[in-house]
Amino acid sequence: MRVTKRRAPPPRKRTESGIDRLGTRRSVSDSHHKPLRITPVNVQLNSVSATRKSLVVTLDPSEVDAEHTAVIGEYAKLARIPGFRPGKAPAAIVARQFGKEIAGEFKQKVVAKAYRSALEKEKLEVLNVVNVEEGKIEKGLAAAVTITLDVRPEFTLPDYVGLPTEVAPTEATDTEVDNIIQGLRAERADFKPATRAAQKGDYVKLGYEGTIEGKPVADLVPEKQLYGKVPQTWEEVEGANDGVIPGLGKQLAGLSAGEKKDVTISFPADFPAAPALAGKTAVYTVDVQEIRERVLPEIDDAFLKSQQAETLDGLKQNVRNNLKLQKEYQNRSAQRRQVTEALSAKADFPVPDSLVEAETQGVLRQFIEENMRRGVPQEQFEKDKKELFEGARKAATGRVKVQLMLAKIAEAEKIEVTNSDLDTFIYREAQRTQQKPDKLAKTLAGDRDQLRSVQQSIVFDKAVDFLVSKATVKTIQPTA
């Protein structure tokens with residue numbers, strides 16, 4: 001026998017219960033069933049901290065019994081029991097037939113009623129339900145439910161209009177344009193064998209073997225032999241970026257094919273790619289095998305066509321326009337960072353522990369993922385676990401403070417999420433994740449928590465954009 005049940009969601013340990021993190025109050029009867037009439041209950045409010053409250057809610061036996069009767073009534077309407085017409089089975093038989101299901105839903109409804117009643121009375125702006133202790137819930141007895149909540153901290157917004165920001169000039173200089181064009185030529189360069197000594201910009205084919213205090217580097221990092229001994233590789237002479245061995249390329253100028261040389265390499269104190277070498281000085285014997293010089297293509301019709309330009313002046317103008325757009329984007333990003341930093345510096349209020357804990361995990365996860373991509377071994381994270389956690393918690397606390405302030409600014413300035421905002425988000429996210437926009441929209445529509453998180457993120461972004469639009473702007477000439 002089957003019965004369709006309608007569940008009244010109780011408060012659980014979950015983010016954004018009762019009120020979302022933006023501070024927008026949600027109805028205390030926000031559920032899938034018709035809200036029950038809120039009757040007077042005994043509510044004791046205890047302050048655990050400035051942002052954590054404990055509610056002890058007591059319902060008398062008549063209120064508890066009313067919930068029990070209501071649950072049985074719901075089951076009786078939908079139950080299919082042989083010998084009785086739908087909805088006509090006696091309550092006692094329904095209770096016996098569906099005892100386990102009724103008991104579970106009965107407890108949920110009592111807890112949900114306690115929660116709704118307490119919020120209605122205390123008018124709390126809840127950010128998180130941290131814990132729920134049901135106590136004993138039985139028909140004919142009073143019920144006491146203890147609910148621990150993190151609430152929105154009380155604070156006064158500082159002045160947020162006219163925050164100072166600094167930007168760089170957006171007009172591209174002739175030197176910058178020429179450098180970009182040289183870079184475009186370098187991307188299409190040929191590398192031809194050279195019989196002379198190596199010069200800046202050349203590529204040298206070489207082999208190397210390193211030692212530290214007479215011991216092979218390969219023995220110190222057996223899992224990463226490329227730092228110890230390599231029979232053949234290519235290295236750019238005085239390149240902008242270091243190769244595998246830091247500083248090796250800067251010591252190759254003047255060497256010729258067939259020549260050998262010992263070079264001294266000092267590994268940086270922080271060298272996550274191979275922590276065993278960090279801070280150490282090694283001697284590498286370099287065996288130069290071949291030198292190739294970079295030959296740039298001529299700026300002819302073929303080259304211009306490859307860059308979607310008809311003339312050199314046209315190419316320069318395209319480069320100039322692109323550089324201006326890049327600089328405007330960089331300025332905008334810098335201003336967004338500056339206004340949030342200025343806001344953070346003015347934040348002086350306690351923040352809810354549950355929000356900080358959740359944000360800390362996010363910061364740690366992002367940090368670990370980024371460093372794993374850089375080749376940092378798992379053992380290094382375990383070694384630095386305490387320092388990593390403390391740093392992540394500090395960063396998370398600052399983020400939560402800024403988020404709470406942005407939420408309050410959004411309220412004050414009536415910043416809201418529009419359908420156009422959601423459409424833009426869905427389109428961009430669909431491109432990023434290579435999904436169909438319709439599929440992503442359907443997913444969001446079916447997941448209220450995810451949708452609320454997206455809306456919150458959009459409001460934060462719009463609030464930051466508002467701060468930038470009201471900021472003071474000072475143009476600073478870049479240092480040479």
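**Residue environments, strand pairing and helix packing in the predicted model**

G375 is partly exposed, with a relative accessible area of 30%. The structure described here is a predicted model, and within it G375 belongs to the loop that links α8 to α9 (378-383). When residues up to four places away in sequence are set aside, G375 touches K224, P272 and A273. One of these residues, P272, is separated from G375 by 103 residues in sequence, yet the C-alpha atoms of the two are 7.1 Å apart in space.

At the level of the whole protein, 13 helices and 12 strands are found. The radius of gyration is 33 Å, whereas a compact globule of 480 residues would have a value near 23 Å. Along the principal axes, the C-alpha atoms fill a box of roughly 100 × 55 × 50 Å. Buried residues make up 39% of the 480 residues of the protein. Among contacts with a separation of 6 or more, 73% are accounted for by residues 24 or more positions apart.

One open sheet consists of 4 strands in the order β1-β2-β4-β3, and the pairing is antiparallel. Its edges are formed by β1 (42-47) and β3 (126-133), each of which pairs on one side only. From one strand to the next, the twist averages 25°. Strand β2 (residues 52-59) runs antiparallel to β1 and is joined to β1 by 6 bridges. The bridge partner of S47 is K53 in β2.

Strand β2 also contains S54. With a relative accessible area of 11%, S54 is buried, since residues under 20% are counted in that class. Apart from its neighbours within four places in sequence, S54 is in contact with Q44, L45, N46 and V48, and also with T146, I147 and T148. Helix α8 (residues 353-373) lies across β2, β3 and β4 (143-151) and runs at about 100° to β3.

A second set of pairings is centred on strand β7 (residues 203-212). Of the 10 residues of β7, 7 are buried, so this strand is largely enclosed by the rest of the structure. Strand β7 pairs with strand β9 (residues 229-236) in the antiparallel sense over 6 bridges, and Y208 stands opposite V230 in β9. Strand β11 (residues 281-295) likewise runs antiparallel to β7, and 9 bridges join the two strands. The bridge partner of G210 in β11 is Y284.

Strand β7 is further joined by 2 bridges to strand β8 (residues 215-216), again in an antiparallel arrangement. Here T211 has P216 of β8 as its bridge partner. The two strands β7 and β8 form a hairpin with 2 residues between them, and E213 in the turn has a positive phi of about 55°.

Helix packing was examined for two pairs that involve α13. Helix α7 (residues 312-345) packs against helix α13 (residues 448-469) at an angle of about 95°, and the axes are 9 Å apart. This angle makes α7 roughly perpendicular to α13. On the α7 side, the contact is made by R332, Q335, R336, V339, T340 and L343, and on the α13 side by D461, V464, D465, L467 and V468. The residues of this contact of α7 with α13 comprise 5 nonpolar, 2 polar and 4 charged.

Helix α10 (residues 385-412) packs with α13 at an angle of about 75°, with the axes 9 Å apart. The helices α10 and α13 are therefore roughly perpendicular to each other, as angles of 65 to 115 degrees are assigned to that class. Helix α10 contributes Q403, L406, A407, I409 and A410 to the contact, and α13 contributes V459, F460, A463, V464, F466 and L467. The residues of the contact of α10 with α13 divide into 10 nonpolar and 1 polar, with no charged residues. Both V464 and L467 of α13 take part in the contact with α7 and in the contact with α10.

Notes
Residues numbered from 1 in each chain as written. Predicted model: local features only at pLDDT ≥ 70, side-chain atom pairs only at ≥ 80, totals over all residues. Heavy atoms only, no water. Axes fitted to C-alpha atoms, helices over the stretch in contact; angles between N-to-C directions. Parallel < 35°, antiparallel > 145°, perpendicular 65-115°, else oblique. Contact = heavy atoms within 4.5 Å. Nonpolar A, V, L, I, M, F, W, Y, C, P; charged D, E, K, R; others polar. Pairing = 2+ DSSP bridges. Rg over C-alpha atoms; globule rule 2.2 N^0.38 Å. Buried < 20%, exposed > 50% of the residue type's maximum accessible area, 1.4 Å probe, protein only.
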